[in-house]
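Me: I am new to reading structures, and I would like a close look at a single part of this one. Could you take me through it slowly, in connected prose?

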Amino acid sequence: PSPFGRVISGDMREIGERLDKGVNVLSEHIGLLTDLKENSSVLTEHTGLLQGINDNLNTLPERNAEAIMKR
């Protein structure tokens, strides 16, 4: 697959150049994965906040019923 192409000879220089290309491609992907990991931790944090809001919203009917009964 691109950008690697096909090794035509056993020349060590050509193999080294192709390995360099592979390392560069993998380095780019590692950077993308690192960014994704950082963004997913932010999403996890916000999901926890949203769950807390959801829990509070679920208790609103109970709180309203208690307030009405106290009157």
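Reply: A good place to begin is leucine 50, which counts as exposed because its relative accessibility is 57%, and the cut-off for that word is over 50%. Please keep in mind that this is a predicted model. Leucine 50 lies in helix 1, which covers residues 12-70, and the secondary structure of the protein chain consists of one helix and zero strands. Together with Ile53 and Leu57, Leu50 makes a nonpolar surface patch of about 300 Å². For the wider setting, the accessible surface of the protein chain is about 6,500 Å², with 62% of that belonging to carbon and sulfur atoms, while buried residues account for 3% of the 71 residues.

Helix 1 also carries charged pairs, and the structure holds two salt bridges. In one of them, glutamate 17 pairs with arginine 13, and their closest N and O atoms are 3.2 Å apart. These two residues are separated by about one helical turn, because they stand four residues apart in helix 1. Arginine 13 is exposed at 63% relative accessibility, whereas glutamate 17 is partly exposed, its relative accessible area being 42%.

Arginine 18 and glutamate 14 form another salt bridge, with 3.0 Å between the closest N and O atoms, and since they too are four residues apart in helix 1, about one helical turn separates them. Here arginine 18 is partly exposed at 22% relative accessibility, but glutamate 14 has a relative accessible area of 17% and is therefore buried, as the cut-off for buried is under 20%.

Definitions and conventions: Residues are numbered from 1 along each chain as its sequence is written. This is a predicted model: local features need pLDDT of at least 70, side-chain atom pairs count only at pLDDT 80 or more; totals for chains, interfaces and linings use all residues. Side-chain values use heavy atoms; hydrogens and water are left out. Buried means under 20% relative accessible area, exposed over 50%, partly exposed in between (1.4 Å probe, protein chains only). Accessible areas come from the Shrake-Rupley method with a 1.4 Å probe; for residues, only the protein chains shown count as cover. Patches are made of residues with over 30% relative accessible area and no salt bridge: like charges are joined within 9 Å, nonpolar side chains (Val, Leu, Ile, Met, Phe, Trp, Tyr) within 5 Å. A salt bridge is a side-chain nitrogen of Lys or Arg within 4 Å of a carboxyl oxygen of Asp or Glu.
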